[in-house]
Amino acid sequence: MLGTLRNYTTGLYLITAICGLLDAVCFLALGGVFAEIMTGNLLLMAFTFGAGDPVEDTTKFMLPLAAFTLGALGGGRLLRGSAQVRERRLGFAFEWLLIVATVVISAVASPDDRNGVGLLVVALLAFAMGIQNAMVRVHGIPDLATNVMTLTLTAVIADSRPAGGDSRNWRRRALSI
(Lines give C-alpha, C1' and ligand atoms only; values in the text may rest on other atoms or scores of the structure.)
Protein backbone atom coordinates (compact mmCIF):
# COMPACT_ATOMS: atom_id res chain seq x y z
CA MET A 1 0.00 0.00 0.00
CA LEU A 2 2.74 2.47 0.97
CA GLY A 3 4.66 1.70 -2.26
CA THR A 4 1.54 2.34 -4.35
CA LEU A 5 0.93 5.64 -2.54
CA ARG A 6 4.53 6.72 -3.24
CA ASN A 7 4.08 5.87 -6.94
CA TYR A 8 0.92 7.98 -7.12
CA THR A 9 2.56 10.83 -5.23
CA THR A 10 5.52 10.87 -7.60
CA GLY A 11 3.17 10.78 -10.57
CA LEU A 12 1.09 13.67 -9.27
CA TYR A 13 4.18 15.79 -8.65
CA LEU A 14 5.28 15.09 -12.22
CA ILE A 15 1.83 16.00 -13.51
CA THR A 16 1.94 19.26 -11.54
CA ALA A 17 5.35 20.15 -12.99
CA ILE A 18 4.22 19.37 -16.53
CA CYS A 19 1.06 21.44 -16.07
CA GLY A 20 3.17 24.39 -14.99
CA LEU A 21 5.37 24.07 -18.07
CA LEU A 22 2.38 23.76 -20.41
CA ASP A 23 0.72 26.79 -18.90
CA ALA A 24 3.91 28.85 -19.07
CA VAL A 25 4.32 28.08 -22.77
CA CYS A 26 0.65 28.78 -23.54
CA PHE A 27 0.64 32.02 -21.60
CA LEU A 28 3.95 33.38 -22.87
CA ALA A 29 3.88 32.19 -26.48
CA LEU A 30 0.32 31.27 -27.43
CA GLY A 31 -1.84 34.25 -26.63
CA GLY A 32 -1.84 34.85 -22.87
CA VAL A 33 -4.16 31.94 -22.01
CA PHE A 34 -3.72 28.85 -19.89
CA ALA A 35 -4.23 25.23 -20.98
CA GLU A 36 -4.61 23.80 -17.47
CA ILE A 37 -5.30 26.51 -14.93
CA MET A 38 -8.87 27.43 -15.75
CA THR A 39 -8.88 29.66 -12.67
CA GLY A 40 -6.36 31.87 -14.47
CA ASN A 41 -8.48 32.03 -17.62
CA LEU A 42 -11.61 32.87 -15.63
CA LEU A 43 -9.81 35.59 -13.68
CA LEU A 44 -8.17 37.14 -16.73
CA MET A 45 -11.48 37.08 -18.57
CA ALA A 46 -13.20 38.76 -15.61
CA PHE A 47 -10.44 41.39 -15.35
CA THR A 48 -10.66 42.12 -19.08
CA PHE A 49 -14.42 42.43 -18.92
CA GLY A 50 -14.32 44.41 -15.66
CA ALA A 51 -11.78 46.88 -17.05
CA GLY A 52 -14.34 47.85 -19.68
CA ASP A 53 -12.37 46.37 -22.58
CA PRO A 54 -14.36 45.25 -25.60
CA VAL A 55 -16.17 41.93 -25.12
CA GLU A 56 -14.26 40.45 -28.07
CA ASP A 57 -11.06 40.75 -25.98
CA THR A 58 -12.47 38.07 -23.68
CA THR A 59 -13.17 35.58 -26.46
CA LYS A 60 -9.60 34.25 -26.49
CA PHE A 61 -10.36 32.62 -23.14
CA MET A 62 -13.36 30.74 -24.53
CA LEU A 63 -11.34 28.23 -26.60
CA PRO A 64 -9.33 26.77 -23.71
CA LEU A 65 -12.40 26.85 -21.43
CA ALA A 66 -14.49 25.00 -24.03
CA ALA A 67 -11.74 22.46 -24.83
CA PHE A 68 -11.10 21.86 -21.13
CA THR A 69 -14.84 21.37 -20.58
CA LEU A 70 -14.98 18.77 -23.33
CA GLY A 71 -11.94 17.02 -21.87
CA ALA A 72 -13.46 16.99 -18.38
CA LEU A 73 -16.70 15.60 -19.83
CA GLY A 74 -14.73 12.86 -21.56
CA GLY A 75 -12.75 12.15 -18.41
CA GLY A 76 -15.97 11.95 -16.40
CA ARG A 77 -17.35 9.44 -18.92
CA LEU A 78 -14.17 7.35 -18.76
CA LEU A 79 -14.37 7.21 -14.98
CA ARG A 80 -17.91 5.88 -15.19
CA GLY A 81 -16.96 3.22 -17.73
CA SER A 82 -16.09 -0.35 -16.97
CA ALA A 83 -13.75 -1.13 -14.07
CA GLN A 84 -11.26 -2.44 -16.61
CA VAL A 85 -11.02 0.96 -18.31
CA ARG A 86 -10.66 2.68 -14.95
CA GLU A 87 -7.92 0.31 -13.79
CA ARG A 88 -5.90 0.73 -16.95
CA ARG A 89 -5.95 4.50 -16.56
CA LEU A 90 -6.98 4.97 -20.18
CA GLY A 91 -7.59 8.66 -19.57
CA PHE A 92 -3.99 9.31 -18.55
CA ALA A 93 -2.73 7.40 -21.61
CA PHE A 94 -4.98 9.46 -23.90
CA GLU A 95 -3.82 12.65 -22.19
CA TRP A 96 -0.19 11.74 -22.85
CA LEU A 97 -0.96 10.95 -26.51
CA LEU A 98 -2.51 14.40 -26.88
CA ILE A 99 0.53 16.05 -25.29
CA VAL A 100 2.89 14.11 -27.58
CA ALA A 101 0.73 15.11 -30.56
CA THR A 102 1.02 18.79 -29.60
CA VAL A 103 4.80 18.45 -29.30
CA VAL A 104 4.96 16.95 -32.80
CA ILE A 105 2.61 19.62 -34.20
CA SER A 106 4.68 22.34 -32.54
CA ALA A 107 7.93 20.94 -33.93
CA VAL A 108 6.56 20.77 -37.46
CA ALA A 109 4.25 23.80 -37.73
CA SER A 110 5.64 26.62 -35.50
CA PRO A 111 2.53 27.68 -33.57
CA ASP A 112 2.21 31.18 -32.18
CA ASP A 113 -0.52 33.47 -30.89
CA ARG A 114 -1.39 34.69 -34.39
CA ASN A 115 -2.04 31.44 -36.27
CA GLY A 116 -4.48 28.56 -36.26
CA VAL A 117 -1.78 26.10 -35.27
CA GLY A 118 -1.35 27.98 -31.99
CA LEU A 119 -5.10 27.77 -31.37
CA LEU A 120 -5.03 24.03 -32.15
CA VAL A 121 -2.16 23.45 -29.72
CA VAL A 122 -3.94 25.38 -26.95
CA ALA A 123 -7.19 23.49 -27.61
CA LEU A 124 -5.51 20.06 -27.61
CA LEU A 125 -3.59 20.83 -24.43
CA ALA A 126 -6.68 22.21 -22.67
CA PHE A 127 -8.65 19.11 -23.73
CA ALA A 128 -5.89 16.88 -22.34
CA MET A 129 -5.84 18.87 -19.10
CA GLY A 130 -9.61 18.48 -18.75
CA ILE A 131 -9.21 14.70 -18.97
CA GLN A 132 -6.33 14.80 -16.52
CA ASN A 133 -8.22 16.83 -13.95
CA ALA A 134 -11.20 14.47 -14.11
CA MET A 135 -8.85 11.50 -13.63
CA VAL A 136 -6.91 13.14 -10.77
CA ARG A 137 -10.16 13.65 -8.86
CA VAL A 138 -10.52 9.87 -8.56
CA HIS A 139 -6.92 8.68 -8.67
CA GLY A 140 -5.46 11.58 -6.72
CA ILE A 141 -4.18 11.69 -3.17
CA PRO A 142 -6.00 13.75 -0.53
CA ASP A 143 -4.28 17.06 0.22
CA LEU A 144 -2.16 16.87 -2.94
CA ALA A 145 -4.07 19.01 -5.42
CA THR A 146 -2.57 19.92 -8.76
CA ASN A 147 -4.59 23.16 -8.65
CA VAL A 148 -7.53 24.67 -6.79
CA MET A 149 -10.43 26.34 -8.63
CA THR A 150 -9.77 24.30 -11.74
CA LEU A 151 -10.62 21.15 -9.79
CA THR A 152 -13.87 22.75 -8.64
CA LEU A 153 -14.74 23.60 -12.25
CA THR A 154 -13.81 20.05 -13.22
CA ALA A 155 -16.08 18.67 -10.48
CA VAL A 156 -19.03 20.61 -11.89
CA ILE A 157 -18.33 19.29 -15.38
CA ALA A 158 -17.16 15.72 -14.67
CA ASP A 159 -20.04 15.05 -12.25
CA SER A 160 -22.66 16.58 -14.58
CA ARG A 161 -25.45 14.60 -16.18
CA PRO A 162 -23.90 14.88 -19.68
CA ALA A 163 -20.76 13.22 -18.22
CA GLY A 164 -22.91 10.44 -16.74
CA GLY A 165 -22.83 11.78 -13.19
CA ASP A 166 -25.51 12.82 -10.75
CA SER A 167 -24.62 16.56 -10.61
CA ARG A 168 -24.22 16.42 -6.84
CA ASN A 169 -23.15 19.65 -5.16
CA TRP A 170 -23.17 21.55 -8.47
CA ARG A 171 -24.78 24.68 -7.00
CA ARG A 172 -22.23 25.04 -4.19
CA ARG A 173 -19.37 24.35 -6.63
CA ALA A 174 -20.73 26.80 -9.22
CA LEU A 175 -21.14 29.52 -6.60
CA SER A 176 -17.59 28.88 -5.45
CA ILE A 177 -16.34 29.51 -8.98
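Start by selecting Ala158, which counts as buried because its relative accessibility is 1%, under the 20% cut-off. Keep in mind as you go that this is a predicted model. Ala158 sits in helix α7, which covers residues 149-158. Now show what surrounds Ala158: leaving aside neighbours within four places in sequence, the residues in contact are Ala72, Gly76, Arg80, Ala134, Arg137 and Ala163. For a distance label, pick the C-alpha atoms of Ala158 and Met135; they are separated by 9.4 Å, with the two positions 23 residues apart along the chain.

**Zoom out to the whole chain**

Switch to a cartoon view for a moment. What kinds of elements will you see, helices or strands? The protein chain has 8 helices and 0 strands, so reading from the N terminus, by DSSP runs, the order is α-α-α-α-α-α-α-α. Of the 177 residues in the protein chain, 40% are buried. If you turn on a surface, about 9,600 Å² is exposed, and carbon and sulfur atoms supply 68% of that area. A contact map is also worth opening here: among contacts between residues at least 6 apart in sequence, 66% join residues at least 24 apart.

**Select α2 and α3**

Next, colour helix α2 (residues 38-50) and helix α3 (residues 62-79). Their axes come within 10 Å and cross at roughly 145 degrees, and the crossing of α2 past α3 is left-handed. Which residues make the contact? On the α2 side, show Met38, Asn41, Leu42 and Met45; on the α3 side, show Met62, Pro64, Leu65 and Phe68. Sorted by class, this contact has 7 nonpolar residues, 1 polar residue and no charged ones.

Stay with Asn41, which belongs to helix α2. Is Asn41 buried or exposed? Asn41 is buried, because its relative accessible area is 0%, under the 20% limit. Display its partners as sticks: not counting residues up to four places away in sequence, Asn41 touches Val33, Phe34, Phe61, Pro64 and Leu65. Two of these names, Pro64 and Leu65, also appear on the α3 side of the helix contact.

**Select the cysteines**

Pick Cys19 and Cys26 now. Cys19 counts as buried, because its relative accessibility is 3% and the limit is 20%. Cys26 is buried too, with a relative accessible area of 0%. How many disulfides are there to draw? With a cut-off of 2.5 Å between cysteine sulfur atoms, the count comes to 0.

**Move out to the surface**

Select Leu28, found in helix α1 (residues 2-29). Leu28 counts as exposed, because its relative accessibility of 73% is over 50%. Then add Asp112 and draw a line between the two C-alpha atoms: Leu28 and Asp112 are 9.7 Å apart in space, while 84 residues separate them in sequence.

For the last stop, go to Ser110, in the loop between α5 (90-109) and α6 (116-139). Check the backbone torsions here: Ser110 has a positive phi of about 50 degrees, although it is not a glycine. Ser110 is also exposed, because its relative accessible area of 52% is over the 50% cut-off.

Notes:
Residues are numbered from 1 along each chain as its sequence is written. This is a predicted model: local features need pLDDT of at least 70, side-chain atom pairs count only at pLDDT 80 or more; totals for chains, interfaces and linings use all residues. Side-chain values use heavy atoms; hydrogens and water are left out. Axes are lines fitted to C-alpha atoms, for helices over the stretch in contact, and angles run from 0 to 180 degrees between N-to-C directions. Helices (H or I, at least four residues) and strands (E, at least two) are DSSP runs, numbered from the N terminus. A crossing is left-handed if the near helix is turned anticlockwise from the far one by less than a right angle, and right-handed if clockwise. Contact means heavy atoms within 4.5 Å. Ala, Val, Leu, Ile, Met, Phe, Trp, Tyr, Cys and Pro count as nonpolar, Asp, Glu, Lys and Arg as charged, and the others, Gly among them, as polar. Buried means under 20% relative accessible area, exposed over 50%, partly exposed in between (1.4 Å probe, protein chains only). Accessible areas come from the Shrake-Rupley method with a 1.4 Å probe; for residues, only the protein chains shown count as cover.
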